Amino acid sequence: MEKNLQNELKKEAAIRAAEFVENDTVVGLGTGSTVKFLVDELGRKVREENLSFTGVTTSKRTASQAESLGIKIVSLDSIPRIDLTIDGADQVDNNFNGIKGGGAALLWEKIVATNSKKNIWIVDQSKLVDRIGSFPLPVEVIPFGALHVLNKFEELNLNPVLRLTENGKKVMTDSQNYIIDLHLNQIIDPAKLSNQLINTVGVVEHGLFLNVVDKVVVGKKGQPLILENPDK
Ligand code: 5RP
């Protein structure tokens, strides 16, 4: 999909999803280019429509954008619960399983998502797939011994690649870990892979978000489509 169109659809999904944010609630704010549109829209609503909510963010990037727009941000441990989290995703299948972590924020994203009463994802239509896996699956690993974890993944034919910045430095997450991307092409059994990865010593978390999301707002030519997860 052409980049400008994709951004337009991301923005449409984000603006539609912002309507789900209610006054006096605690809202988890995800990370990425689609969420950037969301935070812009929420900032506008705070300024122009007196929307009042408290945000918890899934990255330092989102925190600084939100704060610069006048959105109140608190730490996760200072609040008892999150009412709703809105985040992006890299791919979503028909069973509401997704890959996240393209922006290296998957660990905080999963912690925030699993402490939220409701989760909404905002995506453009190119992210909807029959089977997840053509987007490389991010795995967050502790730096100590990371190359041994990479070798284990290699032996398992998971096609791992340590994520580097444009300058060739290892990408560091907000928790000071590394990201290994698994180039799998397709994931036949997401639950089995999820178990295998989380049971590998050195892995902190992975980007498979299985049946976590309640609703997906899809930016689509015409108008956004809202998909409801029947299992939630
Ligand atoms: C960050 C994420 C993002 O939500 C995901 O990568 C989608 O990003 P974008 O909205 O830029 O396409 O999981 O870790």
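## Reading Thr58, a cavity and strand 10

User: Which residues does Thr58 touch, leaving out those up to four places away in sequence?

Analyst: Contact here means heavy atoms within 4.5 Å. On that basis Thr58 touches Leu29, Gly30, Thr31, Ala105, Trp108, Glu109 and Val112. Keep in mind that this is a predicted model, where local features need pLDDT of at least 70 and side-chain atom pairs 80 or more, while totals for chains, interfaces and linings use all residues. Numbering starts from 1 along each chain as its sequence is written, and side-chain values use heavy atoms, without hydrogens or water.

User: Where does Thr58 sit, and is it buried or exposed?

Analyst: Helices (H or I, at least four residues) and strands (E, at least two) are DSSP runs numbered from the N terminus. Thr58 lies in the loop that links strand 2 (54-57) with helix 3 (60-68). Buried means under 20% relative accessible area, exposed over 50%, and partly exposed in between, with a 1.4 Å probe on protein chains only. Thr58 is at 0%, so it counts as buried.

User: What does the side chain of Thr58 reach?

Analyst: A polar contact is a pair of N or O atoms within 3.5 Å, one able to donate a hydrogen and the other to accept it; neighbours in sequence count only if both atoms are side-chain atoms. The Thr58 side chain gets to the backbone oxygen of Gly30 at 3.2 Å, and its side-chain contact with that of Thr31 is 2.7 Å.

User: How many cavities of 30 Å³ or more turn up?

Analyst: Roll a water-sized probe over the atoms and you see where empty space is left. A cavity is a set of points on a 1 Å grid where a 1.4 Å probe fits but can't get out, and lining residues have an atom within 4 Å of a point. Points join across faces, edges and corners, and volume is the space filled by probe spheres set on them. The search finds one, with a volume of about 40 Å³. Strand 4 (82-87), helix 4 (106-114) and strand 7 (116-124) each give two or more residues to its lining. That lining includes Lys100, Glu109, Trp121 and Phe209.

User: Why call strand 10 largely enclosed?

Analyst: Five of the five residues (178-182) are buried, so the rest of the structure largely encloses it. Tyr178, Ile180 and Leu182 point one way, Ile179 and Asp181 the other.

User: How many bridges join strand 8 to strand 10?

Analyst: Strands pair if DSSP finds at least two bridges between them. Strand 8 (137-141) runs antiparallel to strand 10 with five bridges, Val141 being partnered with Tyr178. Strand 9 (160-162) is also antiparallel to strand 10, over three bridges, and Pro160 partners Leu182.

Definitions and conventions. 1 Å grid on protein atoms, 1.4 Å probe; cavity = no way out; pocket = protein on both sides within 12 Å on 5 of 7 lines; lining within 4 Å.
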